[in-house]
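The following paragraphs lead through the model, beginning with the sheet and ending with the core.

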Amino acid sequence: MRLSFRDYEAKIKEVVVNDNIYIILVEEYDKKKKEYVTEYEFELNKDTKIIYDNKETTKDQLKVNQKVTITSSNEVMPSEPAKLSNVKKIVISKD
């Protein structure tokens, strides 16, 4: 079975660091509705790439209210908030 991936446009709502584990809460932006619609939470893993200005950067660059594009597997675990699994890449927007 091959995992499929999709991109989420989102805004960071919360960054929690606990024992050097980063847990990120984001709100997905729906381009059609032009509003933030769904909250997702995910944990950064050692393979998650964080990109800013076309360069790889560090986890501590992730800040509340930043706009980001998240590349994650289509697998979403039902919970409140929904949990994204297998987040491969986070691109921080330059706005």
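This is a predicted model. Its 9 strands form an open sheet with mixed pairing, in the order β5-β4-β9-β6-β1-β2-β3-β8-β7. The edges are β5 (55-56) and β7 (76-77), each of which pairs on one side only. Strands of a sheet pair through backbone hydrogen bonds, in either the parallel or the antiparallel sense.

Strand β1 (residues 5-18) lies between β6 and β2 in the sheet order. With β6 (residues 67-73), β1 pairs in the antiparallel sense over 7 bridges, and Arg6 stands opposite Ser72 in β6. The pairing of β1 with β2 (residues 21-30) is antiparallel too, over 8 bridges; here Lys11 has Glu27 in β2 as its bridge partner. The hairpin of β1 and β2 has 2 residues between the strands, and Asp19 takes a positive phi near 50° in this hairpin.

Further along the order, β3 is followed by β8. These two strands run parallel and are joined by 2 bridges. Glu41 stands opposite Lys83 in β8.

In soluble globular proteins, nonpolar side chains tend to be buried together. The largest nonpolar core here has 18 residues, of which Ile24, Val26, Phe42, Leu44, Leu62, Ile70 and Ile90 touch the most other members. Two or more residues of this core come from each of β1, β2, β3 (35-43), β6, β8 (82-84) and β9 (87-92). Ile24 can serve as an example: leaving aside neighbours within four places in sequence, Ile24 is in contact with Ile12, Glu14, Val15, Tyr40, Glu41, Phe42, Leu44 and Leu62. Among these contacts, Phe42, Leu44 and Leu62 are also listed with Ile24 as core residues that touch the most other members.

Methods
Residues are numbered from 1 along each chain as its sequence is written. This is a predicted model: local features need pLDDT of at least 70, side-chain atom pairs count only at pLDDT 80 or more; totals for chains, interfaces and linings use all residues. Side-chain values use heavy atoms; hydrogens and water are left out. Two strands pair if DSSP finds at least two bridges between them. Helices (H or I, at least four residues) and strands (E, at least two) are DSSP runs, numbered from the N terminus. A nonpolar core is a set of buried Ala, Val, Leu, Ile, Met, Phe, Trp, Tyr and Cys residues joined through side-chain atoms within 4.5 Å. Buried means under 20% relative accessible area, exposed over 50%, partly exposed in between (1.4 Å probe, protein chains only). Contact means heavy atoms within 4.5 Å.
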